[in-house]
Amino acid sequence: MPVQRPLKKKATTVVSEEKRRSSKAKGDVARLARARADQKSRLKILEALEEVGPLLTTHDSGQMQQRAIAAIIRLARCEGGALLLIDPVTREIYFNVALGKKGDAVKVVRLMPNEGVAGWVARTGESLIVNDVRVDPRFSNRADERSGYKTRNLLAVPMTVRGHCIGVLEAVNKVRGKFNELDMEGMTVFANQIAIAVENNRLYETLQETFLSTASALGDAIEAKDAYTAGHTRRVMEYSLLVAQVMRLPAADQDAIRLAATLHDIGKIGIEDRILKKPGRLDPEEMAVMRGHSVIGEKIVAGIPKLRPIIPGIRHHHEQYDGKGYPDGLLGEAIPKMARIIAVCDTFDAMTSDRPYRRGLPIDTALQELHRCTGTQFDPHVVQAFQTVFDRGALNDILRQYQADRAATAPVTAVPVSESSAT
Ligand SMILES: [Fe+2]
Ligand SMILES: [Fe+2]
């Protein structure tokens, strides 16, 4: 009998070894399944990044942010998501994008610096999972109260650029289960990419503003030479942009037209004062010199690479639809579209503006002149678009401002005469 004892012990050892192996095998299978699930999730993150990726380098920051938040909601399987930015001046935190139920309502809320989970994340620069907001003192329910939304749980990660937190990404209300490390990992990848894109966009906008105000200052420089053309550049720019919008031109073309209209007469800087400031009508010889301003303008902007796309608007803004304009006598559609638009707006403003030797025409008369010269001097589509802008009342503010400026200057005593050509 005692002989059997070791045998029994051996049998027990074999059974427990089998059990151990079996449970190890089960553990391995579970780990493998988890690893596969993790891999699948990471693959989805990569796919989503690939989808949003091309938008990261565009200047349409709004669309990029919307798509990124939609991808986060999908990946984290939650009800809503938001992109909050920190106001660089007040340090308040505001919802730049909020998707999901009550997304629009929550967007009016501005959090104080350090307020709520977003404030904590912004201050510490750390990510945070709150799986029950009722027991976390960092949660602020102000956004919920304002929007009527009920937050149960959330995941927030910082958007950091060069060590500075510029905003926070939030995923709200996991549909099933709890937010986990993998959700956080995915959000962090997005946050890093979006942060760089948002910062790049801010830098681009600042650069663009600086560029436009420099261009505008250049445009004003010509007006400083001639008091009678005060406000002309700005009005032509505003009219041209409105016409381009009615014609539904792409945003990039509208930007180019705005710039081209701002600088259309820049070449007048090169015209001697004796002619530019002459208080009466120009004789043919002087007129020929004056006409050189469109080519001089082209030469001025040709030296600035960023301004090259607007050269057609500057060189050709005095071409006529029937080919009788200058400097090249281009005909119809051969005249660049931006130049055809500026030509109508430039002439309208020239007709309605006072000159040293005549008072500006009434608005209705100037509009009739545009129609009278449609198809000869002007592109009919542009004249029609200008009429539409006028009919919609879009010119009212600009014209009212002009009348106020005009009343503030000394009255013109010369006899009114009709003039339908701009310079
Ligand atoms: Fe002009
Ligand atoms: Fe001009």
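What percentage of the 423 residues in the protein chain is buried? Okay, hold that thought for a second. Just so everyone knows, what we're looking at is a predicted model. The answer is 36%.

As for the overall make-up, the chain has 16 helices and six strands. And if you take contacts with a separation of 6 or more, 62% of them are between residues 24 or more positions apart.

Let's go to the sheet. The six strands make an open sheet, and reading across, the order goes S3-S2-S1-S6-S5-S4, with antiparallel pairing. At the edges you've got S3, which is 110–111, and S4, which is 128–130, and each of those pairs on one side only. S4 is joined to S5, residues 154–161, by three bridges, and the two strands run antiparallel. If you want a spot to zoom in on, find Leu128, which sits opposite Ala156 in S5.

Now, what packs on that sheet? One piece is H6, residues 181–225, which touches S4, S5 and S6. Its direction is at about 35 degrees to that of S5. Then there's H4, residues 116–124, lying across S1, S2, S3, S4, S5 and S6. H4 also runs at about 35 degrees to S5.

Okay, over to a helix pair. H7 is residues 232–246 and H13 is residues 337–352, and they pack with their axes 9 Å apart, at an angle of about 135 degrees. That angle is over 115 but not over 145, so we call H7 and H13 oblique to each other. The crossing of H7 past H13 is right-handed. On the H7 side, the residues involved include Val236, Tyr239 and Val243, and they meet a set in H13 that includes Ile341, Ile342 and Phe348. Charged residues turn up as well, among them Arg235 from H7 and Asp346 and Asp349 from H13. The full tally for that contact is eight nonpolar, two polar and three charged.

Last stop: Ala256, in helix H8, residues 251–262. Is Ala256 buried or exposed? There are 20 other C-beta atoms within 10 Å, and the cut-off is 20 or more, so Ala256 counts as buried. Who does Ala256 touch, leaving out residues up to four places away in sequence? Pro309, Ile310 and Met338. Met338 is 82 residues from Ala256 along the chain, and yet their C-alpha atoms are separated by 8.0 Å.

That's my tour, happy to rotate the model if anyone wants another look.

Terms used
Residues are numbered from 1 along each chain as its sequence is written. Chains are lettered from A and ligands numbered from 1 in the order in which they are written. This is a predicted model: local features need pLDDT of at least 70, side-chain atom pairs count only at pLDDT 80 or more; totals for chains, interfaces and linings use all residues. Two strands pair if DSSP finds at least two bridges between them. Helices (H or I, at least four residues) and strands (E, at least two) are DSSP runs, numbered from the N terminus. Two residues are in contact if their C-beta atoms, placed from the backbone, lie within 7 Å. Axes are lines fitted to C-alpha atoms, for helices over the stretch in contact, and angles run from 0 to 180 degrees between N-to-C directions. Angles under 35 degrees count as roughly parallel, over 145 as roughly antiparallel, 65 to 115 as roughly perpendicular and the rest as oblique. A crossing is left-handed if the near helix is turned anticlockwise from the far one by less than a right angle, and right-handed if clockwise. Ala, Val, Leu, Ile, Met, Phe, Trp, Tyr, Cys and Pro count as nonpolar, Asp, Glu, Lys and Arg as charged, and the others, Gly among them, as polar. A residue is buried if 20 or more other C-beta atoms lie within 10 Å of its own, exposed if 12 or fewer, and partly exposed in between; C-beta atoms are placed from the backbone.
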